[in-house]
Amino acid sequence: MTERAHATPGRRTVMGVGAAVLGTAAVGLSGPARAAGNTAERSGGHGGSGHRLDLPVPTVIGHRGTSGYRPEHTLGSYQLALDMGAHVIEQDLVPTRDGHLVCRHENDITATTDVSAHPEFASRKTTKTVDGIPLTGWFTEDFTLAELKTLRAKERIPGNRQKNTLYDGRWEIPTFEEVLRWADREGRRRGKPVWLYVETKHPTYFRGLGLGLEERLVKLLRRYDRHRAQSPLILQSFEPSSIQRLAKLVATPRVVLLSGTGTQPWDFTATGDPRTTDDLVKPAGLKWMATFAQGIGPTLDLIIPKDASGRLAEPTTLVRDAHARGLILHPYTMRNENTFLPANFRRGSDPNAYGDAFGAFAAYYATGIDGIFSDNPDTALLAAADFTGK
């Protein structure tokens, strides 16, 4: 979180159930709201009230660091995101066999590490079903931390990002505790806190293996004093029950992630809850999530759908509806390459060349979203400056 004053015009305070999302002036909690926040910190943070996100709007979130320029979820990727000025930097957490939390987008590390080049681990290759999807590869829960530390990270999608392969093998897999220490060091050096955005990955799956994520995560949050309503950290998960569990343990701000229309959170599938994402984005679903979360992280298509040709269509009412219930919106994910952009913002015939990312950012910012995940935080920050006129 650097260069905040230059990137965006101000900050937005977020309070929970029934509270409006206030404007972009710098504001804090006062009176009853401040009292509620203090109570939440003392009690462990039940419900959605009394929290504050002291962040610029629109907030630029470095997706897995700067995965457009460095192999994702490495200290090199996180550092570059911070140096570029990202306001928040994302980590995805999965466990090791001996219970440590490490930063990987998935527990399947086949595509993001050099594990396949290690003959000593050849027998660990296996097929598992994770959230109903069969996968064949190597999985973090089958390795101790010491074993994972012998591996090195590599570019996940080299066909799209060949230049990133230059950095293959340069960094190891970081533990979340190492990231917390890095953030504290950088915060002291820069004189302001480094914000982190932390996702519990496949929490129902891991709880079934006896590797529950939430309690392990909370232990680290408390150890590094990031368990409070004012902490510079946001918790996120695609499983609402994981956010509910975290809400009972810490006051740290929380966001429910939402996949595309027609999908269902895996914890709902596992427990027989019939609701889908389509139900959660309706007013009743938003009202329910506001009782234990401060925001939602929808896919960009839930903000502006695409038509049959892949071009942006008319925005939905999700931004308005979520704001009416005091929820912020941090949709995901903007990338610069043509292949990831809406069809009307692609340029030329090379799918891996950059398209009109600035045009796409402008369209999404215009909907009133509070922030955005981006693989290219420098582009997102320039687009935010264009949008705000600063």
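This is a short tour of a predicted model, stop by stop, with a selection to make at each one.

**Stop 1: the largest pocket**

Start by selecting His105, Glu106, Lys201, Phe238 and Ser259. The largest pocket has a volume of about 940 Å³. Its lining counts 45 residues, and the five you have just selected are the closest to its centre.

Next, colour the secondary structure elements that build the lining. Which strands should you pick? Strand E4 (88-95), strand E7 (133-137), strand E8 (195-200), strand E9 (233-237) and strand E10 (254-258) each give at least two residues to the lining of the largest pocket. Add helix H12 (300-303) to the selection, since this helix also supplies at least two lining residues.

If you colour the lining by residue class, you will find 17 nonpolar, 14 polar and 14 charged residues around the largest pocket.

**Stop 2: helix H7 and its partners**

Now select residues 213-223, which form helix H7, together with residues 240-247, which form helix H8. The axes of this pair lie 10 Å apart, and the packing angle is about 40°. That angle makes H7 oblique to H8. Looking at how the two helices cross, you will see a right-handed arrangement.

Show the side chains where H7 and H8 touch. On the H7 side, display Glu214, Glu215, Leu217 and Val218; on the H8 side, display Ser242, Arg245 and Leu246. By class, this contact of H7 with H8 holds 3 nonpolar, 1 polar and 3 charged residues.

Keep H7 on screen and add helix H5, residues 176-190. Here the axes of H5 and H7 come within 11 Å and cross at roughly 20°. H5 and H7 are therefore roughly parallel to each other. The crossing of H5 and H7 is right-handed. For the contact itself, pick Phe176, Glu177 and Leu180 of H5, then Leu217, Leu220, Leu221 and Arg223 of H7. In this contact of H5 with H7 you will count 5 nonpolar and 2 charged residues, with no polar ones.

One residue deserves a click before you leave: Leu217 of H7 meets H8, and Leu217 also takes part in the contact with H5.

**Stop 3: helices H14 and H15**

Move along the chain to helix H14 (357-365) and helix H15 (residues 377-388). How do the axes of H14 and H15 meet? They come within 9 Å and cross at roughly 55°. This makes H14 oblique to H15, and the crossing of the pair is right-handed.

Display Ala357, Phe358, Phe361 and Tyr365 from H14. Opposite them in H15, display Thr379, Ala380, Leu382, Ala383, Ala384, Asp386 and Phe387. The residues of the contact of H14 with H15 divide into 9 nonpolar, 1 polar and 1 charged.

**Stop 4: backbone details in the loops**

Finish with four places where the backbone is worth a look, beginning with two cis peptide bonds.

- Select Val57 and Pro58: the peptide bond between them is cis, with omega near 0°. Pro58 sits in the loop that links strand E2 (55-56) to strand E3 (59-62).
- Select Tyr332 and Thr333: a cis peptide bond joins this pair too, and omega is about -15°. You will find Thr333 in the loop between strand E12 (328-329) and helix H14.

Then turn to two residues with an unusual sign of phi to check.

- Asp131 is not a glycine, and its phi is positive, near 50°. Look for Asp131 in the loop between strand E6 (126-130) and E7.
- Asp225 has a positive phi as well, near 55°, and is likewise a residue other than glycine. Asp225 belongs to the loop between H7 and E9.

Note on methods:
Residues are numbered from 1 along each chain as its sequence is written. This is a predicted model: local features need pLDDT of at least 70, side-chain atom pairs count only at pLDDT 80 or more; totals for chains, interfaces and linings use all residues. Side-chain values use heavy atoms; hydrogens and water are left out. On a 1 Å grid over the protein atoms alone, a cavity is a set of points where a 1.4 Å probe fits but cannot get out, and a pocket is an open set with protein on both sides within 12 Å along at least five of seven lines; lining residues have an atom within 4 Å of a point. Grid points are joined across faces, edges and corners, and a volume is the space filled by probe spheres set on the points. Helices (H or I, at least four residues) and strands (E, at least two) are DSSP runs, numbered from the N terminus. Ala, Val, Leu, Ile, Met, Phe, Trp, Tyr, Cys and Pro count as nonpolar, Asp, Glu, Lys and Arg as charged, and the others, Gly among them, as polar. Axes are lines fitted to C-alpha atoms, for helices over the stretch in contact, and angles run from 0 to 180 degrees between N-to-C directions. Angles under 35 degrees count as roughly parallel, over 145 as roughly antiparallel, 65 to 115 as roughly perpendicular and the rest as oblique. A crossing is left-handed if the near helix is turned anticlockwise from the far one by less than a right angle, and right-handed if clockwise. Contact means heavy atoms within 4.5 Å.
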